Amino acid sequence: MLEHYLVPLLLKLGVMASIASILARSNSFKSLLMMENRTLHQRLALSLWLSVIFAVSVATRVLVPAYRAADLGMEGSLLAGVLGGYVTGLLSGVLISLPATFAHEHMAMPLLAGIGVFGGVLRDLASDPEEIWRFSPLPDLNIYRFFKERQDYRRASFHLLLFAGILVAEALRRGMIRFSPQGDVFDLTRPLPGETGPHPVALAAIYLTTLFSVAIPLKIWNSARNEKKLEEQERLLVEARLAALTSQINPHFLFNTLNSVSSLIRTNPDEARIMVVRLSKVLRRLLRKHENFSTLRDELSFIDDYLSIETVRFGDKLRFEKQIADDTLDMLVPSMLLQPLVENCIKHGLSPKVEGGTIRIHTRRSDSKLYLVVEDDGVGIPEAKLSSVLDHGIGVSNVNERLKVLFGNQYRMWIDSQPGTGTRIQIDMPELQPALAAVS
């Protein structure tokens with residue numbers, strides 16, 4: 001008896017996984033998924049992507065009744081609302097329902113349009129749109145998150161609300177099936193002759209299938225998003241290395257360094273040898289091609305070598321102080337994270353200052369987060385330029401973009417500066433997850 005219900009439900013999950021995988025192969029679709037704040041045009045584009053493929057699933061069921069499990073209209077409408085908001089959900093629900101409407105299923109359009117708008121309501125309940133991608137269909141995990149994340153109950157409770165919202169959407173469909181005239185609403189699991197409704201176990205399976213039909217594409221598409229994030233991270237890393245090679249390791253830098261080595265050979269051969277070794281370390285690090293992440297310890301070692309060479313130019317006018325918490329040294333950070341910030345301090349803060357100054361780096365770790373500060377006591381940044389530094393400063397903006405790719409809205413980077421006093425750059429970022437760090 002239960003096979004009558006369970007087989008089509010299992011087929012339905014397989015169809016949803018196939019549809020999600022097909023969409024995940026499109027770069028255009030993945031680009032839309034990467035955006036959380038979309039323009040009206042982008043929301044319409046996302047709606048069309050989802051509408052076309054889920055409308056095809058409904059049309060397949062209408063034209064070929066043997067393929068009843070292909071119909072994923074309700075799940076597609078709900079996903080459109082959750083991912084894109086009210087406009088995307090409403091439009092997608094209307095378009096997805098068209099094949100069923102033409103087949104005289106008169107309640108299909110109001111049902112799917114309403115489900116799409118309901119998905120937009122669920123999206124608005126999220127404290128951060130990124131939380132949508134963390135959804136799990138397993139209730140125990142959602143409950144565990146709720147009690148674990150005590151500092152942000154809204155963030156933790158969203159997963160429970162989304163879980164309940166999917167069940168409510170299925171309950172709404174079941175209610176319309178029960179009270180609407182025969183054939184006005186599609187029912188994948190028709191009761192057997194003599195039954196007034198699905199077996200209780202089958203009914204539970206129906207709700208469970210709906211949960212997984214929404215969760216499966218979210219997991220597949222999130223995996224595609226992470227891949228695209230890593231591709232973007234690699235591109236930005238290449239840009240960071242190119243910027244370093246063209247700004248720091250330029251002919252003037254090499255000329256000054258080699259001139260200093262030449263002078264030291266006569267007066268202090270040991271110091272000259274040390275300088276050559278440090279220069280080779282800097283060049284070797286900048287020319288590495290496959291290292292996306294490194295430990296903070298390695299980044300600080302690189303900064304030591306870099307500043308020791310810059311000290312040749314500045315002499316005693318350039319000073320460097322570190323206050324590094326021991327438990328941060330082995331934390332993974334994006335490669336070339338510190339160098340653009342230190343370079344910014346030297347170039348814009350200390351170079352124009354006759355008496356030079358000091359660069360300080362502080363780090364600490366708390367609640368699986370790294371708190372990092374790079375500051376100087378240089379000339380500072382004029383207020384007129386301060387607001388645009390993160391967007392237009394080549395080195396600093398690159399660091400900001402790379403952190404945005406890795407952490408979305410879960411990091412903070414800001415710059416405080418007072419003319420004549422100095423500049424302070426602070427970054428708060430989550431601990432890098434092994435899945436991301438593995439690509440290095």
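Which helices each supply at least two residues of the lining of the largest cavity? In this predicted model, they are helix H3 (40-63), helix H4 (73-84) and helix H6 (108-124).

## The largest cavity

The structure holds three cavities of 30 Å³ or more. The largest has a volume of about 130 Å³. Its lining counts 14 residues, and those closest to the centre are Asp71, Ala108, Leu111, Leu112 and Phe186.

H6 gives the largest share of this lining, with three residues. By class, the lining of the largest cavity splits into eight nonpolar, one polar and five charged residues.

## The second largest cavity

The second largest cavity has a volume of about 110 Å³. Its lining includes Leu9, Lys12, Asp71, Glu170, Arg173 and Arg174. Ile177, Phe186, Asp187, Leu188, Thr189 and Ile206 line this cavity too. Helix H1 (3-24) and helix H8 (153-179) are the elements that give two or more residues to the lining.

H8 provides the largest share, four residues. Six residues of the lining of the second largest cavity are charged, five are nonpolar and one is polar. Asp71 and Phe186 appear in this lining. Asp71 and Phe186 are also among the residues closest to the centre of the largest cavity.

## Glu75, a buried acid

Glu75 lies in helix H4. H4 is one of the helices that supply at least two residues to the lining of the largest cavity. Is Glu75 buried or exposed? Its relative accessibility is 0%, so Glu75 counts as buried; the cut-off for buried is under 20%.

What does Glu75 touch, leaving aside its neighbours within four places in sequence? The contacts are Lys12, Met16, Arg173, Thr210, Ser213 and Val214. Of these contacts, Lys12 and Arg173 also line the second largest cavity.

## The five-stranded sheet

Five strands form an open sheet. Their order is S2-S4-S5-S7-S6, with mixed pairing. Strand S2 (318-324) and S6 are the edge strands, each with a single partner, so one side of each has no neighbour in the sheet. From one strand to the next, the twist averages 10 degrees.

Helix H13 (residues 338-350) lies across S2, strand S4 (357-366), strand S5 (369-376), S6 and S7. H13 runs at about 20 degrees to S5.

## The S6-S7 hairpin

S6 and S7 form a hairpin, with three residues between them. In the turn, Gly420 has a positive phi of about 85 degrees. S6 and strand S7 (residues 422-430) run antiparallel and are joined by seven bridges. Arg412 stands opposite Asp428 in S7.

Which residues of S6 make up its covered face, and which its uncovered one? Strand S6 (residues 412-418) has Met413, Ile415 and Ser417 on the covered face. Arg412, Trp414, Asp416 and Gln418 form the uncovered face. Arg412, the residue opposite Asp428, thus belongs to the uncovered face.

Notes. Residues are numbered from 1 along each chain as its sequence is written. This is a predicted model: local features need pLDDT of at least 70, side-chain atom pairs count only at pLDDT 80 or more; totals for chains, interfaces and linings use all residues. Side-chain values use heavy atoms; hydrogens and water are left out. Buried means under 20% relative accessible area, exposed over 50%, partly exposed in between (1.4 Å probe, protein chains only). Two strands pair if DSSP finds at least two bridges between them. On a 1 Å grid over the protein atoms alone, a cavity is a set of points where a 1.4 Å probe fits but cannot get out, and a pocket is an open set with protein on both sides within 12 Å along at least five of seven lines; lining residues have an atom within 4 Å of a point. Grid points are joined across faces, edges and corners, and a volume is the space filled by probe spheres set on the points. Ala, Val, Leu, Ile, Met, Phe, Trp, Tyr, Cys and Pro count as nonpolar, Asp, Glu, Lys and Arg as charged, and the others, Gly among them, as polar. Axes are lines fitted to C-alpha atoms, for helices over the stretch in contact, and angles run from 0 to 180 degrees between N-to-C directions. Contact means heavy atoms within 4.5 Å.
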